[in-house]
Amino acid sequence: MRIEDKKVLAALRDLGVELKSDASLTDITYLGIGGTTDLLRLTRHESIPEVVKLLEANGIPFKFVGGGSNLLVADNVLPWVVMQLAQPDPDVVIEGNIASVDAAADLGKTVTLCAKHDLGGMEGLIGVPGTVGGALRMNAGAYGIQIGNYVREVKVYRGGARIIEILKGDQISFEYRHTSFAPDDMMLAVKLELPSKPFREILQGIRICNEKRRASQPLGQKSAGCIFKNPPGASAGRMIDELGLKGLSVGDARVSDRHANFFVNAGKASAKDMLALIADVRERVQKAYGFELENEVVVWNA
Ligand code: EPU
């Protein structure tokens with residue numbers, strides 16, 4: 001979708017929005033899949049309610065994107081524009097055991113920076129790609145920890161009420177790859193309360209997690225991490241592997257040879273290819289094991 005109305009473009013500029021016209025979401029998503037649309041980068045996060053008001057008043061549908069690491073976007077010209085928070089400088093401020101982090105901050109860099117200030121706890125998240133905002137919304141986790149454990153406070157734009165709110169950690173429920181945020185809420189910033197730990201000890205934990213990840217996941221390839229959530233008491237990756245589906249392809253969308261719950265874009269896969277592969281694998285697992293696998297990846301159909 002393209003915004004052409006000059007008045008709307010001028011108003012967006014006044015609100016601190018940098019517009020990239022006709023942007024390809026293949027450049028934003030880690031899967032390297034997605035159509036084209038206008039990309040609105042918000043340099044002033046506080047202006048979100050006004051930007052939304054402007055878009056709504058002009059009948060322009062929109063969606064929020066974080067780092068694009070867990071996202072499968074439809075092909076071709078997309079029927080909505082996409083908003084993304086620009087990264088402020090600095091994006092992490094540390095005082096005592098509290099790290100105040102902007103939602104646009106890179107998760108891995110945040111974990112490392114906190115480590116340098118002798119704040120640990122998040123070692124397992126080191127290889128999880130994407131932004132802190134995205135990690136928060138999904139309650140990202142790995143190697144026994146999840147980000148929700150450390151959330152003291154979240155600043156969020158509430159899509160329903162169209163206001164910015166500050167929520168305390170205990171007002172939010174964090175479950176396995178799920179939170180109580182609404183789909184149209186946009187994370188703006190978070191205060192994380194982290195345990196003190198010597199840098200060397202944290203580094204050791206980070207190294208161990210990195211090694212485990214390198215040994216079991218296709219890190220160099222375009223993927224959205226795990227495609228399916230693990231059903232209670234079962235492993236999606238193990239079931240797909242046991243069915244002999246590693247290497248199964250639709251076009252260039254392919255079940256990874258390294259980890260069967262990672263589906264990679266091995267070339268020029270389209271969303272259509274990837275969705276067909278997801279549907280095929282889901283059906284096979286359902287038939288063989290009786291589990292209806294739920295997507296972990298967020299899908300934006302057009
Ligand atoms: N397994 C196989 N074949 C495979 C993949 C896995 O047999 O192709 C087996 C493994 O040997 C292991 C079991 O399945 O016994 C579980 O595998 P793994 O330890 O790799 O963990 P996972 O449950 O597949 C989860 C998260 C990952 C996270 C890792 C490490 C989900 C859906 N996945 O994977 O998160 O990195 O644990 O903590 O919860 C993500 O969220 O995108 C993601 C990659």
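Two strands count as paired when DSSP finds at least two bridges between them. With that criterion in hand, the tour of this predicted model can begin at a hairpin.

**Stop 1: strands 6 and 7**

Select strand 6, residues 92-95, together with strand 7. The two are antiparallel and are joined by 4 bridges, so the pair satisfies the criterion of at least two. For a specific register point, display Glu-95, whose bridge partner in strand 7 is Ile-98. The hairpin has 2 residues between its strands, and Gly-96 adopts a positive phi near 60° there.

**Stop 2: the loops before this hairpin**

Move back along the chain to Asp-89 and Pro-90, and display the backbone. The peptide bond that joins them is cis, with omega at about 0°. Pro-90 belongs to the loop between strand 5 (81-85) and strand 6.

Next, select Asn-76, which is found in the loop between strand 4 (71-73) and strand 5. Although Asn-76 is not a glycine, its phi is positive, at about 70°.

**Stop 3: helix 1**

Continue to helix 1, residues 6-14, and show the side chain of Asp-5. Asp-5 caps the N-terminal end of this helix, with a side-chain oxygen 2.9 Å from the backbone nitrogen of Lys-7. Beyond the other end, select Gly-16: just after helix 1, this residue has a positive phi of about 80°.

**Stop 4: strands 10 and 11**

Select strand 10 and strand 11, the latter comprising residues 163-168. These strands run antiparallel and are connected by 6 bridges. Label Val-154 to find the residue opposite, Leu-167 in strand 11. Between the two strands of this hairpin are 4 residues; at Arg-162, phi is positive and near 60°.

**Stop 5: the second largest pocket**

Strand 10 also leads to the next selection. The second largest pocket has a volume of about 230 Å³. Its lining comprises 15 residues, and those nearest the centre are Ser-100, Val-101, Lys-155, Ala-189 and Val-190. Strand 7 (98-102), strand 10 (151-158) and strand 14 (186-193) are the elements that each give two or more residues to this lining. Colour strand 14 separately, as the largest share, 4 residues, comes from it. When coloured by class, the lining shows 7 nonpolar, 2 polar and 6 charged residues.

**Stop 6: the open sheet**

Now select strands 15, 18, 17 and 16. These 4 strands form an open sheet in the order 15-18-17-16, with antiparallel pairing. Strand 15 and strand 16 (249-250) are the edge strands, each pairing on one side only. Within the sheet, strand 17 (residues 253-255) and strand 18 (residues 262-265) are antiparallel and linked by 3 bridges. Ala-253 can be used to locate the register, since Asn-265 in strand 18 stands opposite. When inspecting side chains here, recall the usual pattern: in a regular strand they alternate between the two faces of the sheet.

**Stop 7: the ligand**

Which residues are closest to the ligand? Its surroundings consist of 20 residues, and the closest are Tyr-143, Tyr-176, Asn-230, Arg-238 and Glu-296. Two elements that each supply at least two residues of this shell are strand 15 (222-226), and helix 6 (236-242). Helix 6 gives the largest share, 3 residues. By class, the shell divides into 7 nonpolar, 7 polar and 6 charged residues.

Three polar distances merit display:

- Tyr-143: a polar backbone atom lies 2.7 Å from an oxygen atom of the ligand.
- Gln-217: a polar side-chain atom is 3.0 Å from a ligand oxygen atom.
- His-259: an N or O atom of the side chain is 2.9 Å from an oxygen atom of the ligand.

Finally, switch to a surface representation of the ligand. On its own, the ligand has 830 Å² of accessible area, of which the protein covers 72%.

Technical notes: Residues numbered from 1 in each chain as written. Heavy atoms only, no water. Near = heavy atom within 4 Å. Polar contact = N/O pair within 3.5 Å; in protein donor to acceptor, adjacent residues only side chain to side chain. Areas by Shrake-Rupley, 256 points an atom, 1.4 Å probe, with all protein chains shown as cover. Nonpolar A, V, L, I, M, F, W, Y, C, P; charged D, E, K, R; others polar. 1 Å grid on protein atoms, 1.4 Å probe; cavity = no way out; pocket = protein on both sides within 12 Å on 5 of 7 lines; lining within 4 Å. Points joined across faces, edges and corners; volume = space filled by probe spheres on them.
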